Amino acid sequence: MFPLILLLVLFGLLPMLIQGRVLSRLVEQNQTNSRSVDVQTQCLILSSKISRAGYMTGVADNTSIDNEIETTADLFHGRIVIVDQDHRIVRDSFGLAEGKIAVSEEVIRCFRGENSNIINNKEKSYIVQTFPIYANTPERDIQGVLVMSSSTGSIRLQAQAVQEEASFLTMITVVVLLAVSVGIVSVLIRPFHRLQGMLTDVSEGNLEVDIDEHTYQETKEISEAVNRTLAKLKAVDQSRQEFVSNVSHELKTPITSIRVLADSLMGMESAPVELYREFLSDISDEIDRESKIIDDLLSLVKMDKAAMDQMNAAQISVNSLMETILKRLRPIAKKRNVELIFESIREVIADVDEVKLSLAFNNLVENAIKYNVENGWVKVTLDADHKFFFVKVADSGIGIGEEAQEHIFERFYRVDKARSRGTGGTGLGLSITKSVILMHRGTIKVESKEGEGTTFTVRIPLLHMPEGAGSPGAVKGSPALKGFLIRGGYTDRKGGGK
């Protein structure tokens with residue numbers, strides 16, 4: 001607030017200070033010029049009278065001329081000195097220098113007939129002017145010089161008075177400006193104070209505060225930006241709460257099942273061995289399920305902490321990676337009588353993190369197998385262009401509802417919870433998959449209809465772009481097309497491999 005008040009006062013004060021200083025100088029200059037003109041007029045008249053009266057030759061009575069010299073000198077609060085051709089002072093209105101020699105530059109120039117400039121001595125407050133005295137003959141020779149020194153003290157005092165009045169007016173203006181500036185600034189920054197109060201409430205943890213300050217365009221934009229940030233913070237906080245709740249529920253469910261089974265076993269006195277084995281087998285399954293949930297949670301935490309520059313990116317054959325994944329999942333597909341189809345449009349070499357990307361594609365293909373129909377199929381298609389490679393995982397499974405498609409990448413979200421648990425799902429696989437793809441600066445999309453199957457489309461850059469890299473030329477590795485080799489397409493319809 002204080003800097004703004006100071007700025008307003010300075011903007012109002014500086015023009016007045018400059019104006020007062022300029023005004024006093026103009027007054028002094030104009031009065032000095034006016035005094036010079038008056039002196040020049042009177043002295044020209046006096047020199048003419050001196051010339052006509054023969055004052056320099058001493059022919060006539062000089063009393064009247066002496067009186068007029070005294071009168072003219074007193075009129076301008078100055079001094080008149082008359083110098084003859086021998087540069088001797090013949091008359092001094094002060095009576096101090098008569099008989100002395102005057103050889104100043106102004107006198108010499110005047111004898112030569114040159115125009116002499118007005119000498120203005122501001123420090124001692126006087127001006128000096130010289131005027132030639134011509135002989136009263138046709139030749140008009142210069143017989144002497146009239147030197148007039150006129151005081152400008154009164155002019156200086158008048159200029160100072162003007163400056164003092166301007167200074168007094170400036171002081172009054174400062175007081176007025178200060179009061180007006182305080183009022184204006186208080187009104188101007190009031191919306192910012194209100195906004196600051198709202199933000200203080202938010203900083204204290206109250207995320208429900210509605211930031212609504214639209215007085216100025218700036219406060220409106222700040223309010224909208226803060227509201228967007230608060231909305232994201234609320235969403236993150238809600239997501240965190242839901243995640244903690246889901247984790248607690250998911251970890252508690254197997255433990256509850258184990259507890260029930262254990263209590264049942266302890267309550268049996270003479271149960272057959274087969275029943276004990278069955279119950280212990282169920283307890284082992286629940287422990288495996290608990291272990292899988294914990295493993296997936298640890299994987300997800302690693303994905304959240306991993307940064308782009310922490311990826312172990314290297315050039316690999318994506319075709320070989322997909323073949324390895326399908327080979328590993330083929331026994332699961334065989335149990336469910338699901339046909340695996342791998343269609344490779346071209347061979348692709350890309351800079352990726354093999355371990356993380358294998359986990360992502362493994363989750364997609366495994367889900368396509370688990371949530372398929374009997375005698376169904378899963379088709380994996382690999383293609384690429386000059387910048388990206390594409391992987392499509394399509395299946396003939398049960399499909400995903402339109403409303404559920406917006407949530408399938410959320411942690412612990414299940415379309416069919418009962419069936420997911422029956423197939424061993426934890427609800428974290430697609431969340432892990434999306435995290436891996438985003439780490440590779442890729443995208444994943446889903447298209448599905450209930451009862452008609454699902455297709456996931458993944459797009460990932462061929463070249464790994466480290467954090468802060470601005471262009472493909474900055475990527476670690478070879479030039480832009482190094483990771484893309486076209487060696488002809490091939491198709492493996494039965495999963496036999498090349």
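**Close-up views of charged side chains**

**View 1. Glu-98 is partly exposed, having a relative accessible area of 42%.** The class is read from the relative accessible area, where under 20% is buried, over 50% is exposed and anything in between is partly exposed, with a 1.4 Å probe and protein chains only. The model shown is predicted, so local features need pLDDT of at least 70 and side-chain atom pairs pLDDT 80 or more, while totals for chains, interfaces and linings use all residues. Residues are numbered from 1 along each chain as its sequence is written, and side-chain values use heavy atoms, leaving out hydrogens and water. In this view Glu-98 forms a salt bridge with Arg-91, and the closest N and O atoms of the two are 3.2 Å apart. A salt bridge here is a side-chain nitrogen of Lys or Arg within 4 Å of a carboxyl oxygen of Asp or Glu.

**View 2. Arg-91 sits in strand E2, which covers residues 89-92.** Helices (H or I, at least four residues) and strands (E, at least two) are DSSP runs, numbered from the N terminus. Although its side chain takes part in a salt bridge with Glu-98, Arg-91 has a relative accessible area of 13% and therefore counts as buried. Once neighbours within four places in sequence are set aside, the residues in contact with Arg-91 are Tyr-55, Asp-66, Ile-69, Glu-70, Ile-80, Val-81, Ile-82 and Glu-98; contact means heavy atoms within 4.5 Å. When you look at this view, you can search the surroundings of Arg-91 for acidic residues such as Asp-66, Glu-70 and Glu-98, which belong to that list of contacts.

**View 3. Glu-70 and Arg-91 are joined through their side chains by a salt bridge, with 2.8 Å from N to O.** Because Glu-70 belongs to helix H2 (residues 63-75) and Arg-91 to strand E2, this pair ties together parts of the chain that are 21 residues apart in sequence. The two partners fall into separate classes of exposure, since Glu-70 is partly exposed at 25% relative accessibility, whereas Arg-91 is buried at 13%.

**View 4. Glu-343 and Lys-379 bring their side chains together in a salt bridge of 3.0 Å, N to O.** This pair links distant parts of the chain, for Glu-343 lies in strand E7 (residues 339-344) and Lys-379 in strand E9 (residues 377-384), 36 residues apart. Glu-343 counts as buried because its relative accessible area is 15%, while Lys-379, with a relative accessible area of 24%, is partly exposed.

**View 5. Asp-66, Glu-70, Arg-91 and Glu-98 are joined into one network by salt bridges that share partners.** Arg-91 is the shared partner of two bridges already shown, one with Glu-70 at 2.8 Å and one with Glu-98 at 3.2 Å. Within this group, Arg-91 is buried, whereas Glu-70 and Glu-98 are partly exposed.

**View 6. The close-ups belong to a chain whose secondary structure comes to 10 helices and 13 strands.** Of its 498 residues, 39% count as buried, and Arg-91 and Glu-343 are among the buried ones. When contacts with a separation of 6 or more are considered, 66% of them are between residues 24 or more positions apart. The whole structure holds 10 salt bridges, including the one between Glu-343 and Lys-379.
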